[in-house]
Amino acid sequence: MDDLQQLVQKLQNTRHLEKEEWAALIRGRTDILAEYVFSLTRKERHQYYGHDVYIRGLIEFTNYCKNDCYYCGIRKSNAGVMRYRLDEEQILSCCSAGYALGFRTFVLQGGEDGWFTDERMVRIVGAIKSRFPDCAVTLSIGERSKESYQALFQAGADRYLLRHETFSAAHYSLLHPSSLTAASRQKCLWTLKDIGYQVGAGFMVGAPGQTPEYLAEDLLFLEKLKPHMVGIGPFIPHHATPFAGEPAGTLEETLFLLGLIRLLLPKVLLPATTALGTIAPNGRELGILSGANVIMPNLSPANVRENYTLY
Ligand code: SAH
């Protein structure tokens with residue numbers, strides 16, 4: 001057994017690694033090491049979750065966004081996007097379609113769209129919860145005030161997905177305009193947790209400027225935050241963003257990180273994301289085999305999907 005395999009064992013036994021150890025593992029990834037990790041993660045997942053894979057229906061209800069994240073295709077400055085919003089009836093009909101398919105969690109995701117005030121969101125969440133009382137509602141609508149998060153929780157929202165994107169303030173400022181900060185993003189996550197949401201954090205793999213050290217900091221942050229869910233997927237360059245010419249994250253590194261996260265947080269809900277399925281035809285299946293246990297099929301109306309192009 002080599003040094004890196006020993007580090008993997010240490011991770012499994014103690015659920016902790018030092019920053020340098022994480023960076024060494026990430027830098028030292030080989031196919032053999034990855035297979036070793038996956039042999040452990042499959043057992044871990046099976047121990048807590050059996051063979052279950054959890055299904056969450058994704059509803060992309062608005063592609064309006066006031067932000068200008070350098071990586072994201074629906075950023076404010078991209079004038080080439082046909083903007084749309086779904087109304088309450090359209091959202092409820094997505095839920096009905098999902099319900100008929102057996103889905104019991106609906107994820108409402110969108111850009112940071114000022115049209116969806118607290119009042120409007122509270123109404124929508126309330127309507128979903130009263131029409132589908134046995135379903136969970138997850139929100140993924142970015143940074144809002146504590147009062148807003150509180151109101152949405154009171155209206156019945158159960159979970160909130162807000163990827164921290166990258167822990168490092170320096171790296172965060174390379175990916176976002178200066179109006180957005182790592183500190184404010186992270187504060188939102190702690191607030192959401194405080195209020196009682198099940199929270200999801202996460203990051204892109206292979207984002208421009210990412211280093212093994214930055215990834216190590218992401219993993220240390222996950223250890224501290226202890227989120228219920230972790231969403232990671234490869235960065236994929238979008239042609240109409242400042243990162244159009246940057247290389248995409250790789251399948252191999254994403255799968256490896258899914259495995260490491262499963263060992264760090266053995267009970268975490270870990271989606272095999274759409275982005276993973278985009279860079280490889282069997283990406284999501286490989287994600288499950290690496291340690292993921294959630295799939296989020298798209299419930300958005302077919303005619304708006306082409307406009308919700310993050311990458
Ligand atoms: N506006 C919401 C939802 C963002 S979209 C929010 O602020 O949380 C969900 C996730 O897609 C983002 O958190 C980001 O990590 C990911 N994403 C955006 N652009 C991407 C790209 N070009 N490649 C891969 N993932 C991307």
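For the residue classes I will use, Ala, Val, Leu, Ile, Met, Phe, Trp, Tyr, Cys and Pro count as nonpolar, Asp, Glu, Lys and Arg as charged, and the others, Gly among them, as polar. What you see above is a predicted model. I will go through the empty space in the structure, then two helix pairs.

I start with the enclosed space. A search of the whole structure finds one cavity of 30 Å³ or more. The largest cavity holds about 70 Å³ of space. Its lining consists of R56, T105, V107, T138, R159, L161, M229, L269, L270, P271 and V294. Strands β3 and β5, the latter being residues 159-161, each supply at least two residues of that lining. Sorted by class, the lining of the largest cavity has seven nonpolar, two polar and two charged residues. The two charged ones in the list are R56 and R159, and the two polar ones are T105 and T138.

Next, the pockets. The largest pocket has a volume of about 1100 Å³. There are 49 residues lining the largest pocket, and the closest to its centre are Q109, S140, R163, Y308 and L310. Which elements give two or more residues to the lining of this pocket? They are β2 (57-62), β3 (105-110), β6 (198-205), β7 (229-234) and α11 (274-279). Of these, β7 gives the most, with five residues. By class, the lining of the largest pocket divides into 25 nonpolar, 15 polar and nine charged residues. Strand β3 therefore turns up twice in this talk, given that β3 supplies residues to the lining of the largest cavity and to that of the largest pocket.The second largest pocket contains about 170 Å³ of space. Lining it are R29, T30, D31, A34, E35, F38, R42, E252, L255, L286, L289 and S290. Helices α3 (31-49), α10 (251-264) and α12 (283-290) are the elements that give two or more residues to this lining. Helix α3 gives the most, with five residues. In terms of class, the lining of the second largest pocket has five nonpolar, two polar and five charged residues.

Now to the helix pairs, beginning with α9 and α10. The axes of α9 and α10 come within 11 Å and cross at roughly 30°. Angles under 35 degrees count as roughly parallel, and α9 and α10 are therefore roughly parallel to each other. Their crossing is right-handed. On the α9 side the contact involves L215, L219, L222 and E223, which meet E253, L257, I261 and L264 of α10. By class, this contact has six nonpolar, no polar and two charged residues. Helix α10 also gives residues to the lining of the second largest pocket.

The other pair joins α9 to α8. Are α8 and α9 roughly parallel or roughly antiparallel? The axes of α8 (residues 182-195) and α9 (residues 212-225) come within 12 Å and cross at roughly 20°, which makes α8 roughly parallel to α9. Helix α8 passes α9 in a right-handed crossing. From α8, the residues in contact are Q186, L189, W190 and K193, and from α9 they are F221, K224 and L225. The class count for the contact of α8 with α9 is four nonpolar, one polar and two charged residues. The one polar residue is Q186, and the charged ones are K193 and K224.

Notes
Residues numbered from 1 in each chain as written. Predicted model: local features only at pLDDT ≥ 70, side-chain atom pairs only at ≥ 80, totals over all residues. Heavy atoms only, no water. Axes fitted to C-alpha atoms, helices over the stretch in contact; angles between N-to-C directions. Helix = DSSP H or I, 4+ residues; strand = E, 2+ residues; numbered from the N terminus. Parallel < 35°, antiparallel > 145°, perpendicular 65-115°, else oblique. Left-handed = near helix turned anticlockwise from the far one by under 90°. Contact = heavy atoms within 4.5 Å. 1 Å grid on protein atoms, 1.4 Å probe; cavity = no way out; pocket = protein on both sides within 12 Å on 5 of 7 lines; lining within 4 Å. Points joined across faces, edges and corners; volume = space filled by probe spheres on them.
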